[in-house]
Amino acid sequence: MMNLDTAFSALADPTRRAILARLATGEATVMELAAPFDMTQPAVSRHLKVLEGAGLIARRVEGAKRPCRLAPAGIAEIDRWLEMLRQALAANYDRLDQVIAAMTTNENKRTP
Amino acid sequence: MTKLTIRTEGDKHVVVIRRFAASPEAVYRAHTDAKLIQKWMLGPEGWTMPVCINEPRPGGKIRYEWTDGQGGSFYLTGEFLELVPLSRIVHVERMHLPDPTPDNHVETSFVPDGNGTLMTMRMTLPDAETRAAMLASGMEHGMEASYVRLESLM
């Protein structure tokens, strides 16, 4: 069961969101996740612990490694980002409808 | 009525489709006239675009700067690659947050559709990882604000 409070604070950090975004492209080890960030592996591990605690990622054991992947809640979160982009664009284009309507009105006024 | 569709395509693309009740000429103009762009390309409520540079010719520059009036700001730069008046715009763009994101290659087409226009915007990112990062960071400002609001409610 996902705790909303835990999930929100897990997602309120840009690095943790970037880690989720990276995991959207497939499973990765701590070393692979640390590479794009200016961060030590222990620092990345701390972020992973928060994400795991929030139910956003899952880890498995493979020898000495513990690769991470998105858990269903993490996948739903990435889908939500696409939905947020949709909403931001929809707001822009609704404004554009009004801008175009105003352009057309002005042009009609100019036409005798 | 849902007018806008957005979907991912393959590993590297995001495709946005929207219909407008206006001629391709009007929609194209609203995408290439800085004064008009400043009125609509604003994202979340409360943001404005005080700087809008748009030089609609091959090699022409794009620079959009947004602010929320409370210290929050970011900008986008880009270059036009190809323009077919009234029907097609090809450009590259990157966000500065403040580090530049990898180039997003954007092809926008305007096709007459009955008495309106069907716009298709096809974004191409370098790879799947960059696309996922763009989806996460592109809404950084809006999202940060909503999570902060949410947290203050909890």
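# A tour of chains A and B

In β8(B), M123(B) is the bridge partner of V14(B). Put those two residues on screen and use them as a starting point. Keep in mind that you are looking at a predicted model.

**Stop 1: the strands around V14(B)**

Select β2 (13–20) and β8 (116–124) of chain B. These two strands pair in the antiparallel sense over 8 bridges. Now turn on the side chains of β2(B). In a regular strand, the side chains alternate between the two faces of the sheet. Here V14(B), V16(B), R18(B) and F20(B) point to one face and are buried. H13(B), V15(B), I17(B) and R19(B) point to the other face and are not buried.

Next, add β1 (4–9) of chain B. β1(B) pairs with β2(B) over 6 bridges, again in the antiparallel sense. For a landmark, find I6(B), which stands opposite V16(B) in β2(B). The two strands form a hairpin with 3 residues between them. Click on G10(B) in the turn: its phi is positive, about 55 degrees.

**Stop 2: the whole sheet**

Zoom out and colour chain B by secondary structure. You should find 4 helices and 8 strands. Starting at the N terminus, the elements go β-β-α-α-β-β-β-β-β-β-α-α.

In what order do the strands of the open sheet sit? Walk across and you pass β1-β2-β8-β7-β6-β5-β4-β3 of chain B, with antiparallel pairing. The edge strands are β1(B) and β3(B) (48–54), each of which pairs on one side only. On average, neighbouring strands of this sheet are turned by 20 degrees against each other, direction ignored.

Head over to the β3(B) edge. There β3(B) pairs with β4(B) (residues 61–67) over 5 bridges, in the antiparallel sense. Pick T48(B) and you'll see T67(B) of β4(B) standing opposite.

**Stop 3: a helix across the strands**

Select α1 of chain B, residues 24–32. This helix lies across β2, β3, β6, β7 and β8 of chain B. Compare its direction with β7(B) (104–113): α1(B) runs at about 155 degrees to that strand.

**Stop 4: R94(B)**

Jump to R94(B), in strand β6 of chain B. Is R94(B) buried or partly exposed? It has 17 C-beta neighbours inside 10 Å, so R94(B) counts as partly exposed. Now show L76(B) as well. The two residues are 18 apart along the chain, yet their C-alpha atoms are separated by 5.6 Å. Leaving out residues up to four places away in sequence, R94(B) touches L76(B), T77(B) and G78(B), along with P100(B), T101(B), P102(B), D103(B) and N104(B).

**Stop 5: where the chains meet**

Bring chain A into view. Each chain puts residues into the contact: 31 from chain B and 31 from chain A. On the chain B side, β1, β2, α1, α2 (34–40), α3 (128–138) and α4 (140–153) each supply at least two residues. Which element of chain B gives the most? That is α3(B), with 7 residues. Colour this side of chain B by residue class and you get 23 nonpolar, 3 polar and 5 charged residues.

**Stop 6: the nonpolar cores**

In soluble globular proteins, nonpolar side chains tend to be buried together. The largest nonpolar core here has 26 residues, and L20(A), A21(A), L23(A), L51(A), I57(A) and A136(B) touch the most other members. Two or more residues come from each of α1 (4–11), α2 (14–23), α4 (41–53) and β2 (68–70) of chain A, and from β2 and α3 of chain B. The largest share, 5 residues, belongs to α3(B).

Centre on L23(A) for a closer look. Setting aside neighbours within four places in sequence, L23(A) is in contact with A28(A), I57(A), C68(A), R69(A), L70(A) and G74(A). Apart from this core lies another, of 17 residues, including A26(B), Y28(B), L36(B) and Y64(B).

**Last stop: two crossing helices**

Finish by selecting α2 and α4 of chain A. Their axes come within 10 Å and cross at roughly 75 degrees. That makes α2(A) roughly perpendicular to α4(A). Show T15(A), R16(A) and I19(A) on α2(A), then H47(A), V50(A) and L51(A) on α4(A), to see the residues that make the contact. By class, they are 3 nonpolar, 2 polar and 1 charged.

How values were computed
Residues numbered from 1 in each chain as written. Chains lettered and ligands numbered in written order. Predicted model: local features only at pLDDT ≥ 70, side-chain atom pairs only at ≥ 80, totals over all residues. Pairing = 2+ DSSP bridges. Axes fitted to C-alpha atoms, helices over the stretch in contact; angles between N-to-C directions. Contact = placed C-beta atoms within 7 Å. Nonpolar A, V, L, I, M, F, W, Y, C, P; charged D, E, K, R; others polar. Buried ≥ 20, exposed ≤ 12 C-beta atoms within 10 Å, placed from the backbone. Core = buried A, V, L, I, M, F, W, Y, C linked by C-beta atoms within 7 Å. Parallel < 35°, antiparallel > 145°, perpendicular 65-115°, else oblique.
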